[in-house]
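Visitor: Please take a close look at the metal site for me. I would like to know how it is built and what surrounds it.

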Amino acid sequence: MKRQFIAGATCPECGQMDKIQRIIDGDRQWMECVSCGAKKDLDEKPAEAIDALAQPVSLQSPKK
Ligand SMILES: [Zn+2]
């Protein structure tokens, strides 16, 4: 099993940033929030699902 954090991803459930891990286990993969435990299956559209969540940090406005 392989886990990797998705930089800049925001959890759709709890709204926390940088808490989303992509977990790859054999031919299955899913995303899991380490903050609230929300899981999102990635079997259907892996690439798009991750791209929709992960936004490049460099494109985000600095915090004010
Ligand atoms: Zn969460």
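Guide: In sequence, the donor residues of the zinc ion follow the spacing C-x2-C-x18-C-x2-C. Keep in mind that this is a predicted model. The four donors are Cys11, Cys14, Cys33 and Cys36. Each coordinates through its SG atom, at 2.3 Å. The 4 donor atoms subtend angles of 105 to 114° around the zinc ion. That makes the arrangement tetrahedral, because four donors count as tetrahedral if all angles lie between 85 and 135 degrees.

Now place two of the donors. Cysteine 14 lies in the loop between strand E1 (2-5) and strand E2 (20-25). Cysteine 36 lies in the loop between strand E3 (28-33) and strand E4 (39-41). The two are 22 residues apart in sequence, so the pair ties together separate parts of the chain.

How open are these two cysteines to the outside? Cysteine 14 has a relative accessible area of 32%, so it is partly exposed. Cysteine 36 has 40%, and it is partly exposed too. Both values fall between the cut-offs, since buried means under 20% and exposed means over 50%.

Stay with cysteine 36. Leaving out residues up to four places away in sequence, cysteine 36 touches Cys11, Glu13 and Cys14. Cys11 and Cys14 are also donors to the zinc ion. Isoleucine 20 is 16 residues from cysteine 36 along the chain, and their C-alpha atoms are separated by 9.9 Å.

Glutamate 13 deserves its own look. This residue sits in the loop between E1 and E2. Its relative accessibility is 61%, so glutamate 13 counts as exposed. Glutamate 13 and cysteine 36 are 23 residues apart in sequence, yet 7.6 Å apart in space, C-alpha to C-alpha. Beyond residues up to four places away in sequence, glutamate 13 touches Cys36 and Ala38.

Next, the sheet whose loops carry these residues. Its 4 strands form an open sheet in the order E1-E2-E3-E4, with antiparallel pairing. E1 and E4 stand at the edges. Each has a single partner strand, so one side of each is left without a neighbour in the sheet. On average, neighbouring strands of this sheet are turned by 25° against each other, direction ignored.

Take the strand pairs in turn. E1 and E2 run antiparallel and are joined by 4 bridges. Here arginine 3 has isoleucine 23 of E2 as its bridge partner. Isoleucine 23 in turn stands opposite tryptophan 30 in E3. Tryptophan 30 has aspartate 41 of E4 as its bridge partner. Those pairings let you step across the sheet from strand to strand.

E2 and E3 pair in the antiparallel sense over 6 bridges. One of the pairings sets glutamine 21 against glutamate 32 of E3. The two strands form a hairpin with 2 residues between them. Glycine 26, in the turn, has a positive phi of about 65°.

E3 and E4 also run antiparallel, joined by 3 bridges. Glutamate 32 stands opposite lysine 39 in E4. This hairpin has 5 residues between the strands. Glycine 37 takes a positive phi near 85° in this hairpin. Cysteine 36 belongs to the loop between these strands, which brings us back to the metal site.

Which strand of the sheet is largely enclosed by the rest of the structure? The answer is E3, because 5 of its 6 residues are buried. In a regular strand the side chains alternate between the two faces of the sheet.

Finally, the chain as a whole. The protein chain has 1 helix and 4 strands. From the N terminus on, its elements run β-β-β-β-α. Of its 64 residues, 27% count as buried. The chain exposes about 4700 Å², and carbon and sulfur atoms supply 48% of that area. Among contacts with a separation of 6 or more, residues 24 or more positions apart account for 21%.

Technical notes:
Residues numbered from 1 in each chain as written. Predicted model: local features only at pLDDT ≥ 70, side-chain atom pairs only at ≥ 80, totals over all residues. Heavy atoms only, no water. Donors = N, O, S within 2.8 Å, 3.2 Å for Na, K, Ca; no water. Tetrahedral: all angles 85-135°; square planar, octahedral: opposite > 155°, others 65-115°. Buried < 20%, exposed > 50% of the residue type's maximum accessible area, 1.4 Å probe, protein only. Pairing = 2+ DSSP bridges. Axes fitted to C-alpha atoms, helices over the stretch in contact; angles between N-to-C directions. Contact = heavy atoms within 4.5 Å. Areas by Shrake-Rupley, 256 points an atom, 1.4 Å probe, with all protein chains shown as cover.
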